[in-house]
Amino acid sequence: MFKIGSIIITKMALNHLEDVHAIEQESFSVPWSKKELQSELTNNRLAVYLVALNENSDVMGYAGMWHVVNEGHITNIAVKREFRGQGVGSRLLESIIEIAGQKEMIGITLEVRISNMKAQSLYTKYGFKPEGFRKRYYSDTNEDAIIMWKHF
Ligand SMILES: CC(C)(COP(=O)(O)OP(=O)(O)OC[C@H]1O[C@@H](n2cnc3c(N)ncnc32)[C@H](O)[C@@H]1OP(=O)(O)O)[C@@H](O)C(=O)NCCC(=O)NCCS
């Protein structure tokens, strides 16, 4: 668990699921179902999921990563709309990077929509660089994904 200012970053647990799913739904055009998110916590031994809580224990955001061999693959990172622009996404990403370092991963990768400038800006701030594309990766709009990497 990390406490950064007034934000607490801790492992996601089943009691966070309702709030995380609500954030997932307001954040993505093709959101993961509650069942898929639950399965990440209960069935996926590769998964590392974190939530950001405020002092009232409200879920402000969450982030997930799969630990695949010696690489981290970020699955999703999202902040509840009312808490965006206050450093919550940054704190989550810093914590993911910290955990990847502790687990001696060689780097972290992710996909991001070409149109998602906010997220690209967040990742760039933490040293992620574009290294390729996945053509028509997003099934709802056929938008391409940019593959980004942060190598340690
Ligand atoms: C992307 C997201 C997670 C950022 O979370 P956040 O808590 O708002 O981010 P922070 O306040 O920590 O800001 C971190 C950086 O993100 C970028 N950013 C955040 N808001 C931005 C905005 N309105 N415009 C441009 N860049 C922005 C900036 O680089 C910012 O750094 P800076 O404050 O030094 O300029 C959030 O906007 C979100 O949940 N979006 C919807 C889900 C999503 O797109 N997830 C990423 C999928 S790949």
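Start with the sheet: in this predicted model, 8 strands come together as an open sheet with mixed pairing. Walking across the sheet, the order is β1-β2-β3-β4-β5-β6-β8-β7. At the edges sit β1 (2-4) and β7 (129-138), each of which pairs on one side only. From one strand to the next, the twist averages 25°.

Two helices lie against this sheet. Helix α1 (residues 17-27) packs on the sheet and touches β3 (47-53), β4 (59-68) and β5 (71-79). The direction of α1 makes about 90° with that of β4. Helix α2 (residues 34-42) also packs on the sheet, touching β3, β4 and β5. For α2 the angle is given against β3, and it comes to about 110°.

Now for some of the strand pairs in detail. As general background, strands of a sheet pair through backbone hydrogen bonds, either parallel or antiparallel. Both senses turn up here, as the pairing is mixed. Here are three of the pairs, with a residue pair to look for in each.

| Strand pair | Sense | Bridges | Residues standing opposite |
|---|---|---|---|
| β4 and β5 | antiparallel | 8 bridges | Gly64 and Asn76 |
| β5 and β6 (residues 107-113) | parallel | 3 bridges | Gly72 and Ile108 |
| β7 and β8 (residues 143-151) | antiparallel | 6 bridges | Gly132 and Ile147 |

The β4 and β5 pair is worth another look, as these strands form a hairpin with 2 residues between them. Val69 is in that turn, and has a positive phi of about 55°. Strand β5 then pairs with β6 in the parallel sense, whereas its pairing with β4 is antiparallel. Over at the edge, β7 runs antiparallel to β8, with Gly132 facing Ile147 across the pair.

What about the protein as a whole? Count the elements and you get 4 helices and 8 strands. Read along the sequence, they follow the pattern β-β-α-α-β-β-β-α-β-α-β-β. The radius of gyration is 15 Å, close to the 15 Å that the globule rule gives for 152 residues, so the protein is as compact as a globular protein of that length. Along the principal axes, the C-alpha trace spans about 40 × 35 × 35 Å.

That leaves the ligand. Which residues come nearest to the ligand, out of the 21 around it? They are Gly85, Gly89, Ser90, Asn116 and Ser121. Three of these names come back when you look at the oxygen atoms of the ligand. With Ser121, an N or O atom of the side chain lies 2.4 Å from a ligand oxygen. Asn116 also uses an N or O atom in its side chain, with a ligand oxygen 2.7 Å away. Gly89 takes part through its backbone: a polar atom there is 2.8 Å from an oxygen of the ligand. As for cover, the ligand taken alone exposes 920 Å², and the protein buries 72% of that.

Notes
Residues are numbered from 1 along each chain as its sequence is written. This is a predicted model: local features need pLDDT of at least 70, side-chain atom pairs count only at pLDDT 80 or more; totals for chains, interfaces and linings use all residues. Side-chain values use heavy atoms; hydrogens and water are left out. Two strands pair if DSSP finds at least two bridges between them. Axes are lines fitted to C-alpha atoms, for helices over the stretch in contact, and angles run from 0 to 180 degrees between N-to-C directions. Contact means heavy atoms within 4.5 Å. A residue is near a molecule or strand if one of its heavy atoms lies within 4 Å of it. A polar contact is a pair of N or O atoms within 3.5 Å; within protein, one must be able to donate a hydrogen and the other to accept it, and residues adjacent in sequence count only if both atoms are side-chain atoms. Accessible areas come from the Shrake-Rupley method with a 1.4 Å probe; for residues, only the protein chains shown count as cover. The radius of gyration is taken over C-alpha atoms; the globule rule is 2.2 Å times the number of residues to the power 0.38.
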